[in-house]
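Me: I am in my first year and would like a close look at one helix in this structure, taken slowly. Please then lead me outward from there to the other parts that can be described with care.

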Amino acid sequence: MFKNYLLLAVRNMRKNKLHTFINIGGMAVAFTCSIFILLLVYRHFTYDDFELNKDNIYKVYNYSIGPSGEETGTSMAYPLTPALKTDNIGVERATSILNRGRLVRYGDKTLDMPTTLVDPDFLKMFTFPVVQGNAVNPLSSTSNVVLTQLTAEKLFGKENPIGKQVEVKLAGQWYKLVVSAILKDVPENSTIKFSLLARTELDPDYAAIYQNWDNQNHPVYVQLKNNVTQQQAENRLRFLSKKYLPEDAAAEKRNGFIADKNGDFHSFHLLPFTLEHFSPELSTSSSVSKPFLYVLILISCVILLIASFNFVNLNVGLSFARTKEIGIRKCLGAGKKQIWLQVWGESFIMVLVSVLLSIAGLIILIKNFNETFSNTMDAAMLLRPVVVCIIVLMMIVVSFIASGYPSTIMAKLKTVEILKGKLTVKRPGVLRNALIVTQFVIAITLICCTMIIYQQFNYLRSAPLGYNTTTLISIPIKDDERGREIVNQMRTRLATQGSVISVTGSDVNLGMGNDHSSSTSISCFTYGDKTICGQTLNVDIDFLKALGIAPISGHDFSMDYAADTGSMIIATKSYAGQFGKNTTAGFSYFGDSTEPKITIAAIIPDIRLKSFNDIQKPLAIFLTKNERLDYIWIRVRTGNLTATMDIIKKTYASVEPGVEFNGSYVNENIDRLYSEERMMANLFSVAAIIAIILSCMGLFGMASIITRQRIKEIGVRKVLGASVSGIVVLVSKEFIRPVIIALFIAVPIAWWAMIKWLQNYSFRIHIEWWVFVLAGVAAIVVTACTISFQSIKAALTNPVKSLRTE
């Protein structure tokens with residue numbers, strides 16, 4: 001019997017080739033898109049699954065309510081880590097994590113990779129198994145270094161690395177360390193990534209700041225004891241904060257801070273490690289928000305629904321051509337269950353073929369998908385049990401949604417009425433139109449959302465940061481020990497180039513460059529009854545000239561001013577304002593009683609080093625001769641930017657020979673900070689295109705069925721004098737009307753959804769009315785074009801042929 005059903009299914013598919021193609025093709029496209037999204041979401045939700053202690057590990061972060069609203073930060077001071085373990089907080093283990101340096105060498109081989117400085121508890125907290133060497137306490141000494149398998153292979157090849165001596169470069173100085181262990185390579189789905197580990201005490205600044213609570217430059221992770229909850233630990237952290245960082249309520253209020261519900265102006269909180277990957281504002285690595293993933297799941301579902309609605313409409317329309325077949329089967333003894341299973345089975349076969357085609361398409365297109373959406377997925381993920389189960393479940397659910405109703409209609413047909421030619425089932429016009437309306441509600445909503453998301457993305461990209469990013473180039477320096485020397489050489493060698501305006505340097509990048517670095521540091525000190533805090537930036541001369549910033553008062557760092565040394569700073573307006581509203585250039589203060597007095601050389605408007613997603617912070621810019629510079633900034637003229645970049649690339653190669661050039665325009669660096677917005681815009685645009693294509697495929701198939709069913713009516717109308725244009729309008733309006741209804745339903749949905757989404761941004765666009773008009777016009781035009789072929793074909797049919805008796 002199964003073989004018979006299979007033959008019938010193949011025969012019916014061959015008989016209705018167009019509709020079979022629409023069903024299978026539409027489903028294949030929908031499944032391909034949905035499985036892509038499934039793999040993407042699965043990858044994010046399985047981040048850090050390999051960590052055995054993940055449920056007990058937390059990341060410490062600061063919380064306060066400042067003049068600009070809620071502020072959070074993960075930069076901590078060195079004294080915090082030991083205090084967490086000794087002050088009865090309930091912490092079993094704790095570790096700092098800090099990336100320092102960029103070079104490691106063994107013999108004559110030098111690699112460009114950061115050294116990650118951690119505490120001995122790190123390898124007891126996190127699950128990075130030792131595959132060779134000391135597995136008990138690999139970082140027992142400050143002279144130890146731990147490598148990953150990949151790093152060890154790059155440095156030593158096939159040589160045994162255990163006990164060998166390597167050198168790491170930190171702050172311009174080489175440190176000799178002994179390899180104590182080799183770790184299994186860090187998984188791709190790990191929040192914490194590193195190439196080699198060494199002790200925190202190796203930081204060249206450690207001795208000077210290990211007791212300084214005001215110098216905050218690294219995140220801290222803790223592992224709570226099994227009998228301590230997060231809430232209990234956070235309550236105890238309040239006492240730790242009051243002990244080491246006492247607050248002056250009057251001063252905090254003057255600075256614009258508001259106490260939280262516990263009465264604290266600044267407090268420590270704990271972020272569960274399992275949530276770090278879903279907390280972009282607190283994560284120090286790649287992260288994504290959970291609402292974004294839920295939106296992806298929703299997109300996946302609606303695309304499958306649109307394809308399923310096509311299935312329902314086409315199958316219901318075609319079911320009336322099979323009534324005699326069903327009637328004869330019932331006469332021969334077939335029951336309702338058998339009829340239902342036969343019709344459903346035919347649809348299930350088409351769904352199965354669609355899934356197989358989609359998997360084949362996914363394997364072919366996964367490389368392009370990774371490039372488009374900046375991902376690292378592979379086809380092997382399809383073999384994971386969870387993924388296989390979800391795909392099978394999707395296939396079964398879709399087959400029931402797509403074919404359950406048509407199968408039920410066919411099974412309920414009455415045998416006597418079928419054979420007499422009297423059917424009581426009316427054409428399901430209401431259902432058909434309802435499904436068409438739903439399809440286009442989804443499609444128009446996606447079109448509107450796509451346009452608004454792209455507008456917001458472009459607004460963030462082009463919003464003023466306080467300096468021109470399009471003609472500013474940032475180049476990472478490999479040998480930071482010679483940073484200032486390299487910057488000076490670049491300035492000298494490019495001085496004769498008319499396309500170059502100015503050259504300066506910095507210890508941090510603007511945005512996120514090709515080296516994937518985007519770190520900043522914050523420094524605080526007490527000034528009278530005030531706490532002065534701000535981001536810090538170490539730069540070279542011509543800083544304002546290179547960034548194109550005009551000072552409110554004062555002057556740029558320049559060779560013309562011999563006093564411009566470490567005792568002079570350039571302050572943003574908000575930083576200077578912390579001293580008092582009337583602070584101007586020339587104002588002096590003591591940041592540290594043991595250091596010389598600092599003078600403000602210039603006050604500039606507030607600028608943003610990062611994206612508009614980050615709260616704008618006060619900024620102090622130093623010209624400190626003994627501080628390293630990690631980046632070259634070059635301002636160029638708006639001419640041939642490609643040719644200018646080639647000139648700079650050649651010049652850099654002469655200054656740092658043999659080093660890979662990772663320079664990029666700062667506007668590109670800023671774009672990288674909006675990766676989630678870009679991915680959302682791309683996904684919505686793809687989803688909108690697919691939704692329109694699937695909806696139009698369904699319309700085309702339905703137009704074919706409707707014109708076939710009304711062929712005699714059209715013939716009679718033509719005999720009675722109806723024109724071709726009249727027939728076209730008659731057929732077309734039956735499909736245009738549901739699209740117009742869908743437009744009026746979709747517009748408020750899209751408007752409400754985008755208003756909610758835009759509230760996540762402090763800087764956002766205003767939604768324009770023409771977005772909805774354009775989306776509606778586009779939907780109507782596409783619909784008219786889709787059904788015009790079938791309607792014109794029906795109108796041009798010879799009425800003699802259409803009225804001929806069967």
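Reply:

**Helix H5 and its surroundings**

In this predicted model, helix H5 spans residues 149-156, and its buried residues are Thr151, Ala152, Leu155 and Phe156. Around the helix axis they cover an arc of only 100°, which means that they lie on the same side of H5. The background to this is that an α-helix has 3.6 residues a turn, so residues three or four places apart point the same way.

What do the buried residues of H5 pack against? Their partners are strands: S5 (103-106), S6 (109-112), S9 (144-148), S10 (165-170) and S11 (173-183). After H5 comes Gly157, which has a positive phi, near 65°.

From the helix we can turn to the nonpolar cores. The largest nonpolar core has 120 residues, and the members that touch the most others are Tyr467, Leu537, Phe543 and Ile621. Phe543 can serve as an example: when its neighbours within four places in sequence are left aside, Phe543 is in contact with Thr504, Leu537, Asp556, Ile570, Ile621 and Trp633. There is also a second, separate core of 20 residues, and among its members are Leu117, Phe156, Leu170 and Ala198. Phe156 brings us back to the start, since this residue is one of the buried residues of H5.

Trp633, one of the contacts of Phe543, leads on to a sheet. Ser474 stands opposite Trp633, which is in S25, and five bridges join strand S16 (residues 472-476) to strand S25 (residues 631-636), the two running antiparallel. These strands belong to an open sheet of four, in the order S17-S25-S16-S26, with antiparallel pairing. Strand S17 (500-506) and strand S26 (664-665) stand at the edges with a single partner strand each, so one side of each has no neighbour in the sheet. Helix H16 (residues 483-493) packs on this sheet and touches S16, S17 and S25, while the direction of H16 makes about 180° with that of S17.

Two valines show how residues that are far apart along the chain can be brought together in space. Val739 lies in helix H23 (residues 724-758) and is buried, with a relative accessible area of 1%. Val739 and Val437 are 302 residues apart in sequence, yet their C-alpha atoms are 6.0 Å apart. Leaving aside neighbours within four places in sequence, Val739 is in contact with Phe440, Ile444, Ala779, Ile780 and Thr783. Val29, in helix H2 (residues 17-45), is partly exposed, at 36% relative accessibility. The C-alpha atoms of Val29 and Ser358 are separated by 6.7 Å, although these residues are 329 places apart along the chain. With neighbours within four places again left aside, Val29 is in contact with Ile690 and Leu694.

Finally, we come to the cysteines. A disulfide is a covalent bond between the sulfur atoms of two cysteines, and a search of the whole structure finds zero disulfides. For Cys448, the closest cysteine sulfur is that of Cys449, and the distance of 6.8 Å is too far for a bond. Is Cys448 buried or exposed? Cys448 counts as buried, at 0% relative accessibility, whereas Cys785 is exposed, with a relative accessible area of 54%.

Key
Residues are numbered from 1 along each chain as its sequence is written. This is a predicted model: local features need pLDDT of at least 70, side-chain atom pairs count only at pLDDT 80 or more; totals for chains, interfaces and linings use all residues. Side-chain values use heavy atoms; hydrogens and water are left out. A nonpolar core is a set of buried Ala, Val, Leu, Ile, Met, Phe, Trp, Tyr and Cys residues joined through side-chain atoms within 4.5 Å. Buried means under 20% relative accessible area, exposed over 50%, partly exposed in between (1.4 Å probe, protein chains only). Contact means heavy atoms within 4.5 Å. The arc is that of the directions from the helix axis to the C-beta atoms. Two strands pair if DSSP finds at least two bridges between them. Axes are lines fitted to C-alpha atoms, for helices over the stretch in contact, and angles run from 0 to 180 degrees between N-to-C directions. A disulfide is a pair of cysteine sulfur atoms within 2.5 Å.
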